[in-house]
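Reader: I would like to go through this model with you and ask, term by term, what each description rests on.

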Amino acid sequence: MTKIDTPSADLALRERMAAEVPAKMLKHIDRVVKLTDRLARRHHLDVAKARLMAQGHDLVRAVEPAELLRRAEARGMAIDPVDRGSPVVLHGPIGALELAERFDVTDEDVRFAIWWHTPGHPDYTPEAWAMFIADKVDPHKVKRWPALAEVRELADRSLEEAAVKYLDLRLQESIERGTPVQPMATLTRNALLRRLGRAGGEA
Ligand SMILES: [Fe+2]
Ligand SMILES: [Fe+2]
């Protein structure tokens, strides 16, 4: 795993992103960077790398879903039918690609973490989990959905336990609403359950 050598890499990126990211989104990103920093320190991770993941994660979150779909199609990307039905989730992959192309973000771990930050990924690094959890428990989101408070509390002890809790909540929500689940969210949850020794089940 490469190490981000410039401790202020995220600040330089923030400055460049500010020209195109709406103020409200920048505030969300600032809160996520702050919380990612706290979680990365608590779990003795590469703080600079985790901060850069957090800084870049929502580069194109404010872009209209139809435009995200257009950009994905223009690149010839394989688009899962669930994502096609909810193209907002394409902001992770498109953001990861544009960070490399337009913002010189070359670190593979950072780009991978950002690509998958909506459903998580079985191969996520601990730094990626710190960013993922921080994004999900932004205080504004917890206020809208108080069940997320439990995810925030678990994160102090275990980022993976917190991630499973988050994916459980989203799965329950999908069942209640009768909406589809992103395939990668299921693969991620299964992988986390295996790692946490909870993979047993009835045949
Ligand atoms: Fe996002
Ligand atoms: Fe976000």
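Reader: Which residues of α3 are the buried ones?

Author: This is a predicted model, and in it the buried residues of α3 are K49, A50, R51, L52, M53, A54, Q55 and G56.

Reader: What makes helix α3 count as mostly covered, and what covers its buried residues?

Author: A residue is buried if 20 or more other C-beta atoms lie within 10 Å of its own, and in α3, which spans residues 47-56, eight of the 10 residues are buried, so the helix is described as mostly covered. The cover over these buried residues includes α1 (9-17), α2 (23-42), α6 (91-103), α7 (108-115) and α8.

Reader: Why is M184 called partly exposed rather than buried or exposed?

Author: M184 has 18 other C-beta atoms within 10 Å, and because a buried residue needs 20 or more and an exposed one has 12 or fewer, that value falls in between and M184 is partly exposed. M184 lies in helix α12, and, leaving aside residues up to four places away in sequence, it touches W116, P119 and H121.

Reader: How do you know that α6 and α7 are roughly antiparallel?

Author: The two helices pack at an angle of about 155 degrees, with their axes 7 Å apart; angles over 145 degrees count as roughly antiparallel, and α6 and α7 are therefore given that description. Their contact is made by G92, P93, G95, A96, L99 and A100 of α6 together with R111, I114 and W115 of α7, and by class it has six nonpolar, two polar and one charged residues.

Reader: Why, then, is α11 called oblique to α12?

Author: The axes of α11 (residues 159-177) and α12 (residues 183-195) come within 10 Å and cross at roughly 140 degrees; because roughly antiparallel requires an angle over 145 degrees and roughly perpendicular covers 65 to 115, the pair is oblique. The crossing in which α11 passes α12 is left-handed. On the α11 side the contact is made by E160, A163, V164, L167 and R170, and on the α12 side by A185, T188, R189, L192, L193 and R195, a set that divides into six nonpolar, one polar and four charged residues.

Reader: Which residues have the most contacts inside the largest nonpolar core?

Author: That core has 47 residues, and those with the most contacts inside it are M53, A130, M131, I133, A134 and A163. Helix α8 (residues 126-136) gives the most to this core, with seven residues. As for A163, it touches G120, W129, F132, I133 and L192, not counting residues up to four places away in sequence.

Technical notes
Residues are numbered from 1 along each chain as its sequence is written. Chains are lettered from A and ligands numbered from 1 in the order in which they are written. This is a predicted model: local features need pLDDT of at least 70, side-chain atom pairs count only at pLDDT 80 or more; totals for chains, interfaces and linings use all residues. A nonpolar core is a set of buried Ala, Val, Leu, Ile, Met, Phe, Trp, Tyr and Cys residues joined through C-beta atoms within 7 Å. Helices (H or I, at least four residues) and strands (E, at least two) are DSSP runs, numbered from the N terminus. Two residues are in contact if their C-beta atoms, placed from the backbone, lie within 7 Å. Axes are lines fitted to C-alpha atoms, for helices over the stretch in contact, and angles run from 0 to 180 degrees between N-to-C directions. Angles under 35 degrees count as roughly parallel, over 145 as roughly antiparallel, 65 to 115 as roughly perpendicular and the rest as oblique. A crossing is left-handed if the near helix is turned anticlockwise from the far one by less than a right angle, and right-handed if clockwise. Ala, Val, Leu, Ile, Met, Phe, Trp, Tyr, Cys and Pro count as nonpolar, Asp, Glu, Lys and Arg as charged, and the others, Gly among them, as polar.
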